[in-house]
Amino acid sequence: MTIYGNSSFTALVDNMQRSLSCCGSSGPDSWRSDRTNSSRSPPDSCCVTVAAGCSKIAEELFQAKGCTEALQQWYRWNGGVFSGVLILSILLETLVILVIALSYTKTH
């Protein structure tokens, strides 16, 4: 089981919470019930304005949105871009194959 506090996992979670402006899987309360979190309190990366020790000051400073919701929202906003790039890549590859095939048949 991965435990928050392991340097690489902690860095990943903190970066996600800061970049997506979220806290825990379903909000700050999810940190209190998480058995992998030994302190049972949200980390500083959950604060609206991240600063050392901010999570110890007041709960009002935490991001209210959970990271599951934030990731779903991010995908809804950016999923179309990824799909468009994928479709464009497939079309370009198909066009290149057709051009190569046509030029090959003309020379042989």
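Reader: How far apart are the mean positions of the positive and negative charges of the protein chain?
Author: Here Lys and Arg count as positive and Asp and Glu as negative, while His and the chain ends are not counted. Each charge gets a place: NZ of Lys, CZ of Arg, CG of Asp or CD of Glu. By the way, this is a predicted model, where local features need pLDDT of at least 70, side-chain atom pairs count only at pLDDT 80 or more, and totals for chains, interfaces and linings use all residues. With 8 positive and 8 negative charges, the distance between the two mean positions is 6 Å.

Reader: In what order do the elements of the protein chain run from the N terminus?
Author: Helices (H or I, at least four residues) and strands (E, at least two) are DSSP runs, numbered from the N terminus. The chain has three helices and zero strands. Residues are numbered from 1 along each chain as its sequence is written, and side-chain values use heavy atoms, with hydrogens and water left out. Reading from the N terminus, you get α-α-α.

Reader: What radius of gyration does the protein chain have, next to a compact globule of 108 residues?
Author: The radius is taken over C-alpha atoms, and the globule rule is 2.2 Å times the number of residues to the power 0.38. For a compact globule of 108 residues, that would be near 13 Å. Along the principal axes, the C-alpha atoms of this chain fill a box of roughly 75 × 25 × 25 Å. Its radius of gyration is 23 Å.

Reader: What percentage of the residues count as buried?
Author: Buried means under 20% relative accessible area, exposed means over 50%, and partly exposed is in between (1.4 Å probe, protein chains only). Out of the 108 residues in the chain, the buried share is 26%.

Reader: Is Leu12 buried or exposed?
Author: Leu12 sits in helix α1. Ile100 is 88 residues away from it in sequence, and the two are 44 Å apart in space, C-alpha to C-alpha. Since the relative accessibility of Leu12 is 57%, it counts as exposed.

Reader: Which side chain of opposite charge is nearest to Asp14?
Author: Asp14 belongs to helix α1, residues 7-20. It's buried, yet it has no salt bridge, a term for a side-chain nitrogen of Lys or Arg within 4 Å of a carboxyl oxygen of Asp or Glu. At 4.6 Å, the nearest side chain of opposite charge is Arg18.

Reader: Which residues does Ser45 touch, not counting those up to four places away in sequence?
Author: You'll find Ser45 in the loop between α2 and α3 (67-107). It counts as buried because its relative accessibility is 4%. Touching here is contact, meaning heavy atoms within 4.5 Å. Leaving out residues up to four places away, Ser45 touches Tyr4, Asp14, Gln17, Arg18, Cys22 and Val50.

Reader: How far apart are the C-alpha atoms of Ser45 and Ser33?
Author: Along the chain, Ser45 and Ser33 are 12 residues apart. In space, their C-alpha atoms are separated by 17 Å.

Reader: What is phi of Ser21 near?
Author: Ser21 has its place in the loop between α1 and α2 (29-33). It counts as partly exposed because its relative accessibility is 33%. Most residues other than glycine have a negative phi. Ser21 isn't glycine but has a positive value, near 50°.
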